[in-house]
Amino acid sequence: MAALYDRYSSIVYSVALRVLGDTGAAEDVLQEVFMQLWRNPAAFDSGRGNLAPWLAVIARNRAIDQIRKRPTMTDIEDVVISIEPDMAGEAARSVAMEKVRGTLGNMPAAQRTALEMAYFEGLSHTEIAEKTGEPLGTIKTRIRSGLLSLRKAFSPAT
Amino acid sequence: MAAHEQFGEDLALHALGALDGGEKASLEAHLQECAACRRELDCLRGDMALMALSAAGPKPPARSRLRLLEAVAREPRQLAVRTSSVRRGWWRMLPMLTSAAAAILIIVILGKMTDLRNQLVSVQNQSVETQVELQRAKEITATLTAPDAVRVTLVAAKTPPQPQGKAIYVKDRASLIFIASNFGSLPADKAYELWIIPTQGNPIPAGVFKPDAHGSGTIINPPIPSNVEAKAFAITVEPESGSSAPTSTPIMLGAGG
């Protein structure tokens, strides 16, 4: 468990901190995510993705549950991730991180904002539409297009 | 495909947890029967995970690592134990082995305790038997030596009482009991002395006594050597303090065994 922590704690903590904006709360999420992995390691299906993005998704969802003040919505066994880039190594993650930041930086601001509001603030498309004053359909399209842009950035053709 | 297109945007929102209301319920119903949309949802979650990288950078404080490892140490992982049972190392069986060893030790200790308890009971029984025998011996001795004991020697009718002595001797124990009856009285400075006549060697003094008013007397276990083969027993009249060798002719004589 110590080895897993040393390898993946940074990505888990950083995403939780970005969502929660509080170091103590982020530490709690970090603890909770790794304890869930310890209690139920079979929940992670290594045949369908690597551990880093899986932990990142779990951490993000837990953090969102906290800021939304709602009970845990997602069972970790239900989280299945299909992702191409290898995020296990520090170097690979660093490369992927630069690529993600570059892709987000190249997005239209409205699209990036909608995506970040959904991802880091846990807002529903209705809430985003209300906050931005944009139509629901537009928000839906921006979010989906933003995620597909990230996927495209990591597709083998690029 | 029309259905997939319909749900395409909702899938992205659903991956983010940003879908709500009736649209969420409708999509989840569709996912139950659409493998293609489930696969797309998995891919969208992967895309979502990439978003986490944009926040990467901050490191957790060192105390978080310690906190986690302490929590892990306090909470055994049941699944790991179950799945690794085939290749279980001896150290994983240590608690079980320790329990088994403790159980065996307890059984051994209980067995030893049972043995000791049985030995104690045996010793106690022997002690009781010894006490009973000792009590009987004391009673016999008390009866034989009691000053108020009535000693009667039965003889043929119309026969006057004759002096009589009975010696009971066990050479291995060097134990000798002599009972006298109908002995005549002696001068104050004289006493009767019992002798063991061995098969070899000189007579061995075996105690002195003065008869009571009824002519009775006893000698109980006088100081004599052990394993002396007695050819006969004899009574002489000796000085009151006794003699180391007979100084007079025996007045009574009886052959040994």
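Two helices count as roughly perpendicular when the angle between their axes lies from 65 to 115 degrees. This cut-off is applied below to a predicted model, in which helix packing is treated before the sheets of chain B.

In chain A, helix α5 (residues 109–120) packs on helix α7 (residues 136–153) at an angle of about 95°, and the axes of the two helices are 8 Å apart. The helices α5(A) and α7(A) are therefore roughly perpendicular to each other. On the side of α5(A), the contact is formed by A110(A), Q111(A), A114(A), L115(A) and A118(A). The residues that α7(A) brings to this contact are R142(A), I143(A), S145(A), G146(A), L147(A) and L150(A). By class, seven residues of the contact between α5(A) and α7(A) are nonpolar, three are polar and one is charged.

Helix α7(A) also packs against a helix of chain B, namely α3 (residues 35–53). Here the angle is about 80° and the axes are 9 Å apart. The angle makes α7(A) roughly perpendicular to α3(B). From α7(A), the residues L147(A), L148(A), L150(A) and R151(A) take part in the contact. They meet E40(B), C43(B), L44(B), D47(B), M48(B), L50(B) and M51(B) of α3(B). The contact of α7(A) with α3(B) comprises eight nonpolar and three charged residues, with no polar residue.

One residue named in both contacts is L150(A), which has its place in helix α7 of chain A. Is L150(A) buried or exposed? The relative accessible area of L150(A) is 0%, and the residue is therefore buried. Setting aside residues up to four places away in sequence, L150(A) touches V100(A), T103(A), M107(A) and L115(A) in chain A. In chain B, L150(A) touches D47(B), L50(B) and M51(B). The C-alpha atoms of L150(A) and L104(A) are 7.9 Å apart in space, although 46 residues separate L150(A) and L104(A) in sequence.

Chain B as a whole contains six helices and seven strands. Read from the N terminus, the order of its elements is α-α-α-α-α-α-β-β-β-β-β-β-β. Of the 257 residues in chain B, 30% are buried. The accessible surface of chain B comes to about 16,300 Å², and carbon and sulfur atoms account for 58% of that surface. Among the contacts in chain B with a separation of 6 or more, 54% join residues 24 or more positions apart.

The strands of chain B include those of two open sheets. Strands of a sheet pair through backbone hydrogen bonds, either parallel or antiparallel. One open sheet of chain B has three strands in the order β1-β2-β5, with antiparallel pairing. Strands β1 and β5 of chain B are the edge strands, each pairing on one side only. From one strand to the next, the twist averages 5°.

Within this sheet, strand β1 (residues 164–170) of chain B pairs with β2(B) over seven bridges in the antiparallel sense. One of the bridge partners is S181(B) in β2(B), which is matched with Q164(B). The strands β1(B) and β2(B) form a hairpin with four residues between them. In the turn of this hairpin, A174(B) has a positive phi of about 55°. Strand β2 (residues 175–181) of chain B is also paired with β5(B), in the antiparallel sense and over four bridges. In β5(B), T218(B) is the bridge partner of I179(B), and G217(B) is the bridge partner of A180(B).

The side chains alternate along strand β5 (residues 217–220) of chain B. G217(B) and I219(B) point to one face and are buried, whereas T218(B) and I220(B) point to the other face and are not buried.

The other open sheet of chain B has four strands, arranged in the order β4-β3-β6-β7 with antiparallel pairing. Its edge strands are β4 (204–209) and β7 (252–255) of chain B, each of which pairs on one side only. On average, neighbouring strands of this sheet are turned by 20° against each other, direction ignored. Strand β3 (residues 190–198) of chain B pairs with β4(B) in the antiparallel sense over four bridges. In β4(B), V208(B) is the bridge partner of E193(B).

Conventions: Residues are numbered from 1 along each chain as its sequence is written. Chains are lettered from A and ligands numbered from 1 in the order in which they are written. This is a predicted model: local features need pLDDT of at least 70, side-chain atom pairs count only at pLDDT 80 or more; totals for chains, interfaces and linings use all residues. Side-chain values use heavy atoms; hydrogens and water are left out. Axes are lines fitted to C-alpha atoms, for helices over the stretch in contact, and angles run from 0 to 180 degrees between N-to-C directions. Angles under 35 degrees count as roughly parallel, over 145 as roughly antiparallel, 65 to 115 as roughly perpendicular and the rest as oblique. Contact means heavy atoms within 4.5 Å. Ala, Val, Leu, Ile, Met, Phe, Trp, Tyr, Cys and Pro count as nonpolar, Asp, Glu, Lys and Arg as charged, and the others, Gly among them, as polar. Two strands pair if DSSP finds at least two bridges between them. Buried means under 20% relative accessible area, exposed over 50%, partly exposed in between (1.4 Å probe, protein chains only). Accessible areas come from the Shrake-Rupley method with a 1.4 Å probe; for residues, only the protein chains shown count as cover.
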